[in-house]
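Subject: Structure handover

Hello,

Here is the structure I promised to pass on to you. My notes on what was found in it follow below.

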Amino acid sequence: MQGLVCFRLTGAMRPGRRMSPAALFIPLSGPFKAMSRFFKVFSACLVLGLSIGGGSCSTPIVSDHADLIVVNASILTMADDQSRVEALAVRDGRVMAVGSSAEIEKWVGPKTERVDAKGRFLMPGFIDSHGHFRGLGQMKRLVDLVGASSYEEVVRRVGEAAKNTPKGTWLKGRGWDQNLWAEKTFPRHQLLSQQTPDHPVLLTRVDGHALLANAVAMKIAGVTRETPNPSGGEIIRDARGNATGVFVDLAERLIHRAMPAATTKEVRRDLLSAQQEAFRHGVTSFHDCGASYQTIEQMRQLYKSADLKIRLFVMYGGSGTIAIDFDRLGEPSVGEYDHHLTLRTIKLGVDGSLGSRGAALLEDYADRPGHRGLTLLSKERLLELSREALKRGWQVAVHAIGDRGNHMVLNAWDELFAEQPEGKNARFRMEHVQMLDGKDIPRLAPMGLIASMQTCHGTSDLAWAKDRIGVERVEEGAYAWQKIIATGAVFCNGTDTPVEPVSPFNNLDAAILRDFGEGKAKSGYHAEQRLTRWQALNSYTTAGAYASFEEKIKGRLLPGMLADFVILNQDLMTCPEIAIKATKVLRTVVAGETVYRALAKPIR
């Protein structure tokens, strides 16, 4: 006679997590077989620490296993006490334990991946707190103009690309910087137009706040001598009033609108290319400062297919955005796809950049008398948008570089928080904060504002900043990192990629050495504003997590935190300062999964 015996198994398969009740049905063909199967199941329950019936074992005999352990490492957890451990265990994408190698080895099971770091340095994954994610990916399919030492070199590179591009197809490039040329003036299109008579050409300046178009592109865009400067933009003209081909800030849109829209395939390719580059440099989280609806939707599709693994904190909008459709945006979205995608911030812009002389200044540019830059957004409109965002639960991030631009932002938010004091807890962000009036520096912390800065801009700009804005203004509040930190304001760090390389090590080098690349500070460089190593690493981990409201799950390697980390070839806290820039990433891990490995033979 056959029958069924049901044993109900409940228990804690993992510490802190209950196993869903399950029924085990055992077919019986006789009493002895039934008894034998009973004891087999009973023994299995004891080994797994489960319970038979509704009770539970007081002490599991065997602990659960980790998915991954790393042992024999020098792990900087980024805890406030700057403590180190030598091993960690990961389960379900989170850190489950940290401690000695012997302690962590206890979590090894038959399916546990075990990594022997061989004494190497391990720390939380880098959080790039300001960059342009799709722009980073686009660089691989643009004409690379970074580092071109002359306008002639720019034209040569574009001409080479034109030979392999069908006639009539747009040629796009990025990275030119007239400050690197012997004649540090904006280029004129004629030489470029002569070289590319069959292609419309758009070449974006390194900072993204100016572009150079050739004659074909301007004709397609309908730009003539009579085309007026748009509000918040400038068409650079020659003595006769003709367009030279350079369009600054919102004037760039005159050319952009003439270009064909990117295809879905191109957007996805850019996003995946950006992810690859970020992982290669140890960046596990990225604050995307200005994305379109189209790009955000493609991000979601790539997360659904598990092709995107990087954690993105995305801001809707961009520099100079005036129209924000809050109804279309809907409610902020936090932690989609297991904390991989968050959309809770709008990005606005009030001015341009120093390199393009578009940053809004309180006094004239030292090298262009009578010019004080551009304002892309009025204080009234900024206040209106910020008020609406606060009401709907959105964080606001504002691009502001010049002292007048930053002063306007501070005044607008001071007025807003006087109306709604709870706004001081909204963690509004000031992006760049490159130049402040000395009296404005102490205003950030009392308003709970975040200074989202890019230390790499310091070394990129300061070679010519004194010529642009004068020595006194540089000394007062330009790239004033320690002055801002001293007030108690949160200081997070980013690269502004593709304006600068996405490498955290370039940024850390700039923060800690604050030099021009020779390993020593130059006269007048204000070495007192350099960051300590701990401050620099904090700006790239815990501060970045705070700026995105994720400090409880990210930025530290402690039990319960997301298992995002990097293994490097040298210790950033003890290696020679001059060597920081040459640091190599050996392994990048997101949610316990290795997403990048530098060595042909894995670290085992």
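Isoleucine 235 in strand 16 has phenylalanine 247 in strand 17 as its bridge partner. Helices (H or I, at least four residues) and strands (E, at least two) are DSSP runs, numbered from the N terminus. Strand 16 and strand 17 (residues 243–249) run antiparallel and are joined by four bridges; two strands pair if DSSP finds at least two bridges between them. Five residues lie between the strands of this hairpin, and glycine 241 takes a positive phi near 90° there. Four of the five residues of strand 16 are buried, so strand 16 is largely enclosed by the rest of the structure. Buried means under 20% relative accessible area, exposed over 50%, and partly exposed in between (1.4 Å probe, protein chains only).

A word on the source: this is a predicted model, in which local features need pLDDT of at least 70 and side-chain atom pairs count only at pLDDT 80 or more, while totals for chains, interfaces and linings use all residues. Residues are numbered from 1 along each chain as its sequence is written, and side-chain values use heavy atoms, with hydrogens and water left out.

Back to the sheets. Strand 16 belongs to an open sheet of six strands with mixed pairing, in the order 12-13-14-15-17-16. Strand 12 (143–144) and strand 16 (233–237) stand at its edges with a single partner strand each, so one side of each has no neighbour in the sheet. At the strand 12 end, two bridges join strand 12 to strand 13 (residues 171–176), and these two run parallel. Valine 143 has glycine 173 in strand 13 as its bridge partner.

There is another open sheet of six strands, also with mixed pairing, and its order is 6-5-10-26-27-28. Its edge strands, strand 6 (84–85) and strand 28, each pair on one side only. You may like to look at strand 27 (residues 585–590): six of its six residues are buried, so strand 27 is largely enclosed by the rest of the structure. On one side, strand 27 pairs with strand 26 (residues 565–568) in the antiparallel sense over four bridges, and isoleucine 567 stands opposite arginine 587. Strand 27 is also joined by four bridges to strand 28 (residues 593–597), again running antiparallel. Here valine 589 has threonine 594 as its bridge partner, and threonine 588 stands opposite tyrosine 596. The hairpin of strand 27 and strand 28 has two residues between the strands, and alanine 591 takes a positive phi near 55° in this hairpin.

Next, the helices. How do helix 12 and helix 13 cross? Their axes come within 9 Å and cross at roughly 45°; axes are lines fitted to C-alpha atoms, for helices over the stretch in contact, and angles run from 0 to 180 degrees between N-to-C directions. The two helices are therefore oblique to each other, since angles under 35 degrees count as roughly parallel, over 145 as roughly antiparallel, 65 to 115 as roughly perpendicular and the rest as oblique. Where they meet, the residues of helix 12 include Leu382, Ser386 and Leu390, and those of helix 13 include Ala412, Trp413 and Leu416.

Lysine 391 also lies in helix 12 (residues 379–392). Lysine 391 is exposed, with a relative accessible area of 62%. From lysine 391 to glutamine 420 is 29 residues in sequence and 9.6 Å in space, C-alpha to C-alpha.

Finally, the interior. The largest nonpolar core has 95 residues, of which Phe126, Leu312, Trp413, Leu508 and Leu572 touch the most other members. A nonpolar core is a set of buried Ala, Val, Leu, Ile, Met, Phe, Trp, Tyr and Cys residues joined through side-chain atoms within 4.5 Å. Helix 13 (residues 403–419) gives the largest share of this core, seven residues. Apart from this core lies another, of 23 residues, among them Trp181, Val201, Val248 and Leu250. Leaving aside neighbours within four places in sequence, tryptophan 413 is in contact with residues including Val396, Phe428, Met430 and Leu449, where contact means heavy atoms within 4.5 Å.

Happy browsing, and best wishes
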